[in-house]
Amino acid sequence: MKLATLLQSINITAKKNDIPDLNIEKIAYHSGQVEPETLFVCIRGFETDGHKYAGMAIENGASALIVERFIGNINIPQFLVEDGRIALAEMSDVFYNHPSRKMRLFGVTGTNGKTTITYMTDAVFEANDLNTGMIGTIMVKFKDKKVPSVLTTPESLDLQKYFVEMQNKGVSHVSMEVSSSALDLKRTNNVAFDVAAFTNIHRDHIELHGSFEAYFNAKALFIRNAKPGTIALLNIDEPLLGKLIDETEAQMVSFGIKNNSGTFHVSDIDMSNGFPSFTVIQNHPVKSLTQKEIYLDPFEIQLSVPGYYSIYNALTAIITGLVNDIPLGTVKSGIENFKGVERRFEILYEKDFMVIDDLLLNEDNIEASMNTLKNLNYSNIHFVHAVRGNRGVEVNRENAEKMAEWLPLMDISKVTLTASRSHVGELDQISEAEIEAFASVMKKEHISVDFHYELQDAIASVVKKIKPNDILFITGAHGMDHGSRITFEMLLKNKIGEDQEEMRRVLDALMNGIVQKNAVNVP
């Protein structure tokens, strides 16, 4: 592609050493990815500045640079822009010939539930025999390709590469997580979303934005920037989200459980066995993406995943399926047969006792998971939690306080905590102050704490105590990522549990997932 064609898509404020008719075969923002005939875009990250690597990019063959400040002693063309990330997004879309416009694209933002919602939506799409793709926290997936994720939402250039790969494989419908960081850093600029959902917001991640207001405004961009002809989904049980109803050019479709004034709401919720059943009621007609009117009689849903908040997740996926012209019967089949997502209140074993794996990221997540746990039948709950590192004292204290509200309600008087030192990277290491903040709350509420620096030691301390009808609840973000594997290795080694064959099957599946993650490099 000619450089002049790419430059037409961005706002250039000045240029140096311009060469007419320069040919560009590749765009890169990482100097290690540069080859001859590459346009190198200098972007500023949280920890480094791409301008520092311009010389290395030139050594590797870069033909021209997009810069936010001119760099001295460089003879190749430089083009000055105000924001390198915006330029990267705009040029990537042009370079790959706008692939997101050629597929139906669903995106969801929110503090909690993004991963589960994308998996649910993918299940609805697949139930209609659609060729699907998915981009999110766990992986990028389409056809026979699965790539472990580095970012919840990839950088704009990588995102456009995935879209064009999906397009070439015949993918027609894509479900995608959209993080606040991605919105703030312009990664999703020039992505043609057909359905944009904003489901909830909590104080998690505000350290990346500086304030809760900035965090909210980053996510709100997803709705505010939605285009005419597209559809915006809002959970109006969240008071802040209701403010956005009149702030978008998209068709607004609202939903709620407590608030029954939206387009859709639910009634007759039954949580008696922990797996919600409910009735969906449509208050107002909506137009599908092909402008067909949808106005349905009330219909019943029985979920196969536990938890009250699963209703919100399911509503998002159900509405997305409907506005994509998927018949109600197919939508129901897809959503009711959905069995859950890795590490999201994942029931791994449920024979003589239960093993459940969950993240417990923040107060809302804790509230939802504990409420689900409370509705299960059990004798005792063994609670092992990996304290979340690099989130600050205040966030860890708030999480501990929310857990401490629930633990006595389930007769849990002891928690096993771990720093999981050997199982987290440098960015997720737990400080002594974070450990103390968490542990001090538990002690204040008269909940005894058994603390271990290593994950293996924490799990080993409870595994041998498991009795029939007990629940082993292993929780925590990155620090517990290897918890399920370690748990089942110990259960098998100590011959604990009546169905050792089932445990071996679970462990084999867990190990296969680890092998897959380690075997594939992200492009």
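# Notebook: helices and unusual turns

I began with helix α13, where I found Glu 434, Ile 435, Ala 437, Phe 438, Ala 439, Val 441 and Met 442 to be buried. I note here that the model I am reading is a predicted one.

I then looked up what these buried residues of α13 pack against, and the partners are β21 (381-386), α12 (393-406), β22 (414-418) and β23 (448-452). I also checked the length of α13, which runs over residues 432-444: its 13 residues reach 18 Å from the first C-alpha to the last, close to the 18 Å expected at 1.5 Å a residue. Just after α13 I came upon His 446, which takes a positive phi of about 65 degrees.

**The pair α12 and α13**

How do the axes of α12 and α13 cross? I read a crossing of roughly 25 degrees, with the axes coming within 8 Å. Angles under 35 degrees count as roughly parallel, and α12 and α13 are therefore roughly parallel to each other. The crossing in which α12 passes α13 is right-handed.

I listed the residues that meet: from α12 they are Val 393, Asn 396, Arg 397, Ala 400, Glu 401, Met 403 and Ala 404, and from α13 they are Ala 433, Glu 434, Ala 437, Phe 438, Val 441 and Met 442. Sorted by class, this contact of α12 with α13 holds nine nonpolar residues, one polar and three charged. Among the α13 residues in the contact is Glu 434, which I had already entered as buried.

**The pair α4 and α10**

I turned next to helix α4 (residues 114-127) and helix α10 (residues 328-336), whose axes are 8 Å apart and which pack at an angle of about 130 degrees. The two helices α4 and α10 are therefore oblique to each other. I recorded a right-handed crossing for α4 as it passes α10.

On the α4 side the contact is made by Met 120, Ala 123, Val 124 and Ala 127, which meet Thr 330, Val 331, Gly 334 and Ile 335 in α10. I counted by class six nonpolar residues, two polar and no charged ones in the contact of α4 with α10. As a reminder to myself, an α-helix has 3.6 residues a turn, so residues three or four places apart point the same way.

**Helix α5**

For helix α5 (residues 156-168) I compared the expected span with the model: at 1.5 Å a residue its 13 residues should span 18 Å, and the end C-alpha atoms are 18 Å apart, which agrees. The buried residues I noted in α5 are Ser 156, Leu 157, Asp 158, Leu 159, Gln 160, Tyr 162, Phe 163, Val 164 and Met 166. Just after α5 I found Gly 170 with a positive phi of about 85 degrees.

**Two loop residues**

Phe 345 is not a glycine, yet I read a positive phi of about 40 degrees for it. Its place is in the loop between α10 and β19 (346-350), and with a relative accessible area of 8% Phe 345 is buried.

Leu 360, also not a glycine, has a positive phi of about 50 degrees, and I located Leu 360 in the loop between β20 (354-358) and α11 (363-374). Is Leu 360 buried or exposed? At 3% relative accessibility, Leu 360 counts as buried.

**Glu 350**

Last, I looked up Glu 350, which has its place in strand β19 and, at 54% relative accessibility, counts as exposed. From C-alpha to C-alpha, I found Glu 350 and Asn 399 to be 27 Å apart in space, with their positions 49 residues apart in sequence.

Definitions and conventions. Residues are numbered from 1 along each chain as its sequence is written. This is a predicted model: local features need pLDDT of at least 70, side-chain atom pairs count only at pLDDT 80 or more; totals for chains, interfaces and linings use all residues. Side-chain values use heavy atoms; hydrogens and water are left out. Axes are lines fitted to C-alpha atoms, for helices over the stretch in contact, and angles run from 0 to 180 degrees between N-to-C directions. Helices (H or I, at least four residues) and strands (E, at least two) are DSSP runs, numbered from the N terminus. Angles under 35 degrees count as roughly parallel, over 145 as roughly antiparallel, 65 to 115 as roughly perpendicular and the rest as oblique. A crossing is left-handed if the near helix is turned anticlockwise from the far one by less than a right angle, and right-handed if clockwise. Contact means heavy atoms within 4.5 Å. Ala, Val, Leu, Ile, Met, Phe, Trp, Tyr, Cys and Pro count as nonpolar, Asp, Glu, Lys and Arg as charged, and the others, Gly among them, as polar. The expected span of a helix is 1.5 Å times one less than its number of residues. Buried means under 20% relative accessible area, exposed over 50%, partly exposed in between (1.4 Å probe, protein chains only).
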